[in-house]
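Let's take a walk through a protein chain together. Have the sequence and the 3D view open, and find each residue as we get to it.

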Amino acid sequence: MLKLALFLSCSCVLLDATSVSTVVAKSVPAELVGTWLAEDIGGGGVIDDLQTTLEINDDGTYSGFAGCNHYTGTFNLKANEIIFGTAGATRKVCVPAVMDQEWKFFDALKSGLSWMIEDSKLMLAKPGSITVMRLAAHSS
């Protein structure tokens, strides 16, 4: 089994290269590509100044800042469903409230989610239309 070690900001990240898959760039809808800022996670809002971001790229990768740690991964698309692969992330520890939001953010990305864009907001939902995250288009 091939493992890759990445060093980011003095933090070590271990990725399992056998689980990495990508989508064909032409299959990622243009309206999905970009940087999104979390406004709500699981109906509990977000910490105002934390700036939890999700960057979706047209090459099938995603990355961002989860509140305490930077992360990166790959995703697949099936119709209107987005399936995020396991993210590799730095391993910093922050205050409990920040870590709680970060854990909720990563937990929300664990299952296949339907996606929809409404009024420059990306809505991610579990089957049954239960919204797990609302993100706003974000310019860096």
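What follows goes from the overall layout to the helix, the aromatic rings, a few strands and some loop residues.

**The ground rules**

This is a predicted model, in which local features need pLDDT of at least 70 and side-chain atom pairs count only at pLDDT 80 or more, while totals for chains, interfaces and linings use all residues. Residues are numbered from 1 along each chain as its sequence is written, and side-chain values use heavy atoms, with hydrogens and water left out.

**The overall layout**

The protein chain has one helix and eleven strands. Here, helices (H or I, at least four residues) and strands (E, at least two) are DSSP runs, numbered from the N terminus. Reading from the N terminus, the order is β-β-β-β-β-β-β-β-α-β-β-β.

How many of the 140 residues count as buried, as a percentage? It's 38%, where buried means under 20% relative accessible area, exposed means over 50%, and partly exposed is in between (1.4 Å probe, protein chains only). Contacts (heavy atoms within 4.5 Å) also tell us about the fold: among those between residues at least 6 apart in sequence, 49% join residues at least 24 apart.

**The helix**

Helix α1 has 13 residues and spans 18 Å from its first C-alpha to its last, close to the 18 Å expected at 1.5 Å a residue. That expected span is 1.5 Å times one less than the number of residues. Val 98, Met 99, Gln 101, Glu 102, Phe 105 and Ala 108 are buried in α1, and the buried residues of this helix pack against β3, β4 (53–56), β6, β9 (113–118) and β11.

Now look at Glu 102, which sits in α1. What is the nearest side chain of opposite charge to Glu 102, and how far away is it? It's Lys 92, 9.2 Å away, and Glu 102 is buried yet has no salt bridge. For charges, Lys and Arg count as positive and Asp and Glu as negative, with His and the chain ends not counted; a salt bridge needs a side-chain nitrogen of Lys or Arg within 4 Å of a carboxyl oxygen of Asp or Glu. Not counting residues up to four places away in sequence, Glu 102 touches Ala 66, Gly 67, Cys 68 and Asn 69.

**The aromatic rings**

Rings of Phe, Tyr and Trp (its six-membered ring) pair if their centres lie within 6.5 Å; planes under 30 degrees apart count as stacked, over 60 as edge-to-face and the rest as tilted. By this rule there are six aromatic pairs. One of them is the tilted pair of Tyr 71 and Phe 105, at 5.6 Å centre to centre with 55° between the planes. This pair connects distant parts of the chain: Tyr 71 is in strand β6 (residues 70–78) and Phe 105 is in helix α1 (residues 96–108), 34 residues apart. Both Tyr 71 and Phe 105 are buried. They also belong to one aromatic cluster with Tyr 62, Phe 75, Phe 84 and Phe 106.

**Strands side by side**

Two strands pair if DSSP finds at least two bridges between them. Strand β11 (residues 130–138) runs antiparallel to β3 (residues 34–41), and six bridges join them. Strand β10 (residues 121–126) also pairs with β11 in the antiparallel sense, over six bridges. Try finding two of the bridge partners: Asp 40 goes with Arg 134 in β11, and Lys 121 goes with Ala 136 in β11. The hairpin of β10 and β11 has three residues between the strands, and Gly 128 there takes a positive phi near 95°.

**Some loop residues**

Most residues other than glycine have a negative phi. Two residues here have a positive one:

| Residue | Phi | Loop | Relative accessibility |
|---|---|---|---|
| Gln 51 | near 60° | between β3 and β4 | 35%, partly exposed |
| Ala 79 | about 55° | between β6 and β7 (81–84) | 78%, exposed |

Is Leu 32, in the loop between β2 (11–16) and β3, buried or exposed? Leu 32 counts as buried because its relative accessible area is 0%. Its contacts, leaving out residues up to four places away in sequence, are Ile 56, Leu 77, Ile 82, Trp 115, Ile 117 and Leu 122. Leu 32 and Leu 122 are 90 residues apart along the chain, with 7.9 Å between their C-alpha atoms.

Ser 120, in the loop between β9 and β10, is partly exposed, with a relative accessible area of 46%.
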